[in-house]
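Thank you all for coming, and please keep the sequence and the picture in view while I talk. I will take things slowly, since this structure is new to most of you.

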Amino acid sequence: MSTVLDVLPEVASWRATEASTETIYRGEGSSLSAQVRRAGRSGNPAYRQALLEATHLYGRVVQGSKRAALDFQEAMTTSDFQHLFGDILDRQILANYRSMPVQWDRVARRGRVRDFRTVKRFTIDGGEAILDEVKQQSEYPAASLVDGKYEYGVKKFGRRIPLAWEVLINDDLDAFADIPTRLGTAARRSEERFGTSLYASSTGPNSTFFSSGNKNLLAVADVQAAGGAGFTTTALNTTSLQAAFTKLAAQVDTDGAPIYIESVYLVVPPALEVVARNIINATEIVAASGGGDGTGNDQLRVSNWMQNRVTLIVNPWLPIIDTTSGNTAWYLFADPSVGRPAMEVGFLIGHETPELFQKHPNATRVGGGAADPMDGDFDTDSIEWKLRHVYGGVLMDSKSGLAANGTNSP
C-alpha cells in the first residue's frame with residue numbers, strides 16, 4: 001500500500017516549519033497557506049511533515065501537473081492521505097442567503113425628520129372644484145378648505161455582534177469577514193418588514209386604513225359588477241384586478257373631482273406571483289363587453305392594457321406578517337411620487353442610512369502606540385460591531401391605496 005512518502009519522495013526531507021510553508025505558498029497566492037500554518041502549529045512533527053507534503057501535492061494538482069494528478073489519485077486510495085486531506089479539502093464557507101432588494105420605497109414616500117419628536121404632515125383639500133359662473137355684479141362664491149394631519153415619530157433600531165479574539169485568530173476561512181454585510185442586510189430587511197407592517201397586519205389588510213367606509217377595500221360585489229355573476233371571492237384574477245382599478249379610479253377629492261391615477265403598483269405575496277405575472281404579461285385579456293346582461297357571457301378579448309399601467313412587486317414579508325390571509329391578500333398602490341402617497345417612511349436627518357460602528361479598543365500597547373481594533377477589548381479581548389438605524393412611518397392617504405383579502409367579502 002502506498003504511503004505519503006512513497007508518493008512524494010522528492011519532499012520527504014522537507015522540514016515542516018511555518019517559515020518554509022510561507023516560502024512555498026506566498027508566491028503562489030494559495031488560499032491553503034493559512035490552513036497549513038494553522039496545522040503547522042500542531043505539536044505532532046510527523047503530522048506536520050505529512051500535511052506539508054500533502055499540501056504541496058495538492059498545489060501541483062491545481063497548477064495542472066499530470067504527474068501530480070496521477071500521484072494524487074493513487075494517494076487518495078490510502079486511508080492516511082484521506083485523513084490528511086480532510087484538513088485541506090473539507091473546509092468551506094457556503095454563501096449567505098440571498099436578500100430581496102428594497103421595495104417599500106416604490107409604494108411609500110421617503111421622508112426626513114429632524115429629531116425623535118413626533119412630526120406632523122398636514123394636508124389641504126378643497127378649492128380645486130369646477131369654477132362657478134359669476135353673474136353680473138354678483139359676489140364670487142367662496143370655497144371651503146379642509147385640512148388633515150398625520151403624525152409619527154422615528155425610533156432607533158440596532159444590533160451588536162461581539163466576537164472573541166480567539167475566534168478571529170482561528171478564522172482561517174474568513175467566515176466572519178462579512179459581518180458588515182450581514183448587518184447591512186439586517187437593516188434592509190428591517191426597513192422592508194416595517195414598511196409592510198404599515199399596511200398589513202396579522203389579521204389581513206390594515207382594517208383602519210382599508211375599509212368599506214374609505215371605499216378602498218375590494219368586495220365580492222365589486223368583482224361581480226365587473227364580470228357578471230358567478231364570482232364568490234376577491235381572489236386575484238383578471239376580473240378582480242379590473243374591478244380594483246375601477247374602484248380606485250372612482251375615488252374623488254373633497255370637492256368631488258376625480259383623482260387621476262395613471263399607474264399603480266400591484267403588491268402580492270410569493271404565492272400569487274405566478275398568477276400576477278400571467279395576468280400582466282398576457283397578450284390579451286377577457287373583459288366584459290358592457291352589454292350588461294349580468295350572465296358573464298357578454299365578453300370580448302382585448303389587448304392587455306394593464307401591461308403599461310401595472311408594475312408588479314412580490315413582497316415575501318406579507319405571509320410572515322399576515323398570518324390570516326398572507327397568501328391570498330393583494331394590494332394596489334398609486335405611485336407615491338405623484339400626488340399624495342398612501343404612506344410615508346421617514347429617516348432621521350444626518351442618519352438616513354444604516355450606520356456601522358466597531359468598538360475602539362480601550363488599551364494602549366506598552367512602549368506606545370494605539371492598539372489595533374482587531375486586538376479587542378482590554379479586559380476580555382472581545383471585538384464588537386454595532387449597527388444603528390433610525391426610522392419610522394405612517395399611513396396617509398387612503399384614496400391612494402386599495403386592498404383585497406383574496407377570500408370573501410368583509
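I will speak about one helix, then the aromatic rings, and then the pockets and cavities.

Please bear in mind throughout that what we have here is a predicted model.

Let me begin with helix 8, which covers residues 179-199. How far apart should its ends be? Helix 8 has 21 residues, and at 1.5 Å a residue these should span 30 Å, so the 31 Å that separates its end C-alpha atoms agrees with that expectation. A number of residues in helix 8 are buried, among them I179, L183, F194 and L198, and the buried set also includes E191 and E192. I ask you to remember helix 8, as we will meet it again.

Now to the rings. There are eleven aromatic pairs in the structure, and I would like to go through two of them. In one, F210 and Y331 form a tilted pair, with 5.7 Å from centre to centre and 55° between the planes. Which parts of the chain does this pair tie together? F210 sits in the loop between strand 6 and helix 9, while Y331 belongs to strand 11, so the contact ties together parts that are 121 residues apart in sequence. Both F210 and Y331 are buried.

The other pair is made by F347 and Y391, whose ring centres are 6.3 Å apart and whose planes meet at 55°; the angle is neither under 30 degrees, which would count as stacked, nor over 60, which would count as edge-to-face, and therefore the pair is tilted. This pair, too, links distant parts of the chain, since F347 is in strand 12 and Y391 is in strand 14, 44 residues apart. Are these two residues buried or exposed? F347 is buried, and Y391 is buried as well. F347 and Y391 also belong to a cluster, in which ring pairs link them with W104, F157 and F194, and F194, you may recall, is one of the buried residues of helix 8. One further ring deserves a word, namely that of F357, because K386 lies over its face at 4.9 Å from the ring centre.

Let me turn to the spaces in the model. The largest pocket holds about 580 Å³ of space, and of the 23 residues that line it, I259, Y260, G339, R340 and D397 lie nearest its centre. By class, that lining divides into nine nonpolar, six polar and eight charged residues.

The second largest pocket has a volume of about 330 Å³, and it is lined by 16 residues, with R159, R182, T185, A186 and R189 nearest its centre. Which element gives the most to this lining? Helix 8 does, with seven residues, while strand 4 and strand 14 each supply at least two. Here the lining has six nonpolar, seven polar and three charged residues.

Finally, the structure holds three cavities of 30 Å³ or more, and the largest cavity contains about 80 Å³ of space. Its lining includes W104, E192, G195, T196, Y199 and M343, and the largest share, four residues, comes once more from helix 8. That lining divides into seven nonpolar residues, four polar and one charged.

To close, helix 8 contributes to the lining of the second largest pocket and to that of the largest cavity.

Methods. Residues are numbered from 1 along each chain as its sequence is written. This is a predicted model: local features need pLDDT of at least 70, side-chain atom pairs count only at pLDDT 80 or more; totals for chains, interfaces and linings use all residues. Side-chain values use heavy atoms; hydrogens and water are left out. The expected span of a helix is 1.5 Å times one less than its number of residues. Buried means under 20% relative accessible area, exposed over 50%, partly exposed in between (1.4 Å probe, protein chains only). Rings of Phe, Tyr and Trp (its six-membered ring) pair if their centres lie within 6.5 Å; planes under 30 degrees apart count as stacked, over 60 as edge-to-face and the rest as tilted. A charge sits over a ring if NZ of Lys or CZ of Arg is within 6 Å of the ring centre and within 35 degrees of the ring normal. On a 1 Å grid over the protein atoms alone, a cavity is a set of points where a 1.4 Å probe fits but cannot get out, and a pocket is an open set with protein on both sides within 12 Å along at least five of seven lines; lining residues have an atom within 4 Å of a point. Grid points are joined across faces, edges and corners, and a volume is the space filled by probe spheres set on the points. Ala, Val, Leu, Ile, Met, Phe, Trp, Tyr, Cys and Pro count as nonpolar, Asp, Glu, Lys and Arg as charged, and the others, Gly among them, as polar.
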